[in-house]
Amino acid sequence: YEVADTSLEDIKYVLHPKFRADQIAKLDFNTAYSRGLDGSDYLPGFIGLNNIKETDFVNAVVQCLAHIPPLRNFFMDAASYKGRDSTLVSQFGQLMRKIWSSRNFKGQVSPHELLQAIGNASNKRFRIGRQSDPAEFIVWILNALHEGLGGTRRAGSSVVHNTFQGELRMVTEKAKKKVRPYENPEFERTSGHVNFLYLQLELPPAPLFKDEMEENVIPQVPLYTILQKFNGRTIHQLITGERRQYIITRPPKFLILQIKRFTRNNFFKEKNPTIVNFPVKNLELREYCDVPKGVATKYDLVGAVSHEGKPEGGIYKSFVVNRGDGEWFEMQDLF
């Protein structure tokens, strides 16, 4: 016999939330709190994710991706990827809808099913119980989602590439022949274009001295300074001896910047503590782009991932903005 009980409908919706097109269009403008079935208040889209065991690196990345409108909106409608035989795609979409649901049991959800799918799809490279680097993880999951959605090398073949893929012009200078130390080598110059999903930025070396209070000096650097790598003039020396220059020729709709803080040698892992100062709104990248007038080169920050603690451990957390009122939220596991 079929049991007619309205509470069962609530349970069904919590497990498999659904959104209409008009609801998806209004997600970024909502500032109203919802009440969970346990009586707690929460803001849809800004809820905690359980840290199963050292999975905060996944949570931090997922929280940011849940606030990228083109990607999120695509996954809010399961019909967008109907017929795709990818557990990772299915579970990622399911978690996106739970994060934004206004009818959750409480103000947090479990990413356990997605974590299992990630472990299987990555051959245990990213798994429950082992801390990993969010910078490595976000590149992997974007490529894995792209492939799971049937994406190819062709530009714009998935929502992932439509949202995050840009293009660089890369000029490479390679010595024509080996020369003696006191001789100036002749370089062979080649130019080509490469696609990218993120740009990696290097920090200047941290100072080794302390101030008069015997405390470590934490340097600060403007984001524009470390972006000089992509101005088309700065020479980037590779360990192979080649020299390269980069400039953006197709800015992506959403730009991912990875600031390289960690280095590892034969003995231990080090973290560069340099503070990077950046604008939250109107980051102008015109200087680092070779594009026609009229092409947008200005960006507003929508999310960030930070690390706190020692290099070999510590925790990862994310910061995301509510477009409805401009308020920023710090997201750490259960929030």
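Helices and strands are here DSSP runs, a helix having at least four residues and a strand at least two, numbered from the N terminus. The model on display is predicted.

**The whole chain.** Begin with the complete chain, in which nine helices and 19 strands can be displayed. Its C-alpha trace spans about 90 × 55 × 40 Å along the principal axes. Of its 335 residues, 41% count as buried. Among contacts with a separation of 6 or more, 63% join residues 24 or more positions apart.

**Helix H4.** Next, select residues 69-76, which form helix H4. Which residues of this helix are buried? They are Pro69, Leu71, Arg72, Phe75 and Met76. Turn the view to look down the axis of H4: the buried residues fall within an arc of 165 degrees, and therefore line one face of the helix. To see what they pack against, add helix H2 (21-25), helix H3 (56-65), H5, helix H7 (134-148) and helix H8 (159-164).

**Helices H5 and H6.** Now keep H5, residues 87-99, and add H6, residues 112-121. Their axes come within 9 Å and cross at roughly 155 degrees. Because angles over 145 degrees count as roughly antiparallel, H5 is described as roughly antiparallel to H6. The crossing of H5 past H6 is left-handed.

Finally, show the side chains where these two helices meet. On H5, select Thr87, Leu88, Gln91, Phe92 and Leu95; on H6, their partners are Glu113, Leu114, Ala117 and Ile118. Coloured by class, this contact of H5 with H6 shows six nonpolar, two polar and one charged residues.

Technical notes. Residues numbered from 1 in each chain as written. Predicted model: local features only at pLDDT ≥ 70, side-chain atom pairs only at ≥ 80, totals over all residues. Heavy atoms only, no water. Axes fitted to C-alpha atoms, helices over the stretch in contact; angles between N-to-C directions. Parallel < 35°, antiparallel > 145°, perpendicular 65-115°, else oblique. Left-handed = near helix turned anticlockwise from the far one by under 90°. Contact = heavy atoms within 4.5 Å. Nonpolar A, V, L, I, M, F, W, Y, C, P; charged D, E, K, R; others polar. Buried < 20%, exposed > 50% of the residue type's maximum accessible area, 1.4 Å probe, protein only. Arc of directions from axis to C-beta.
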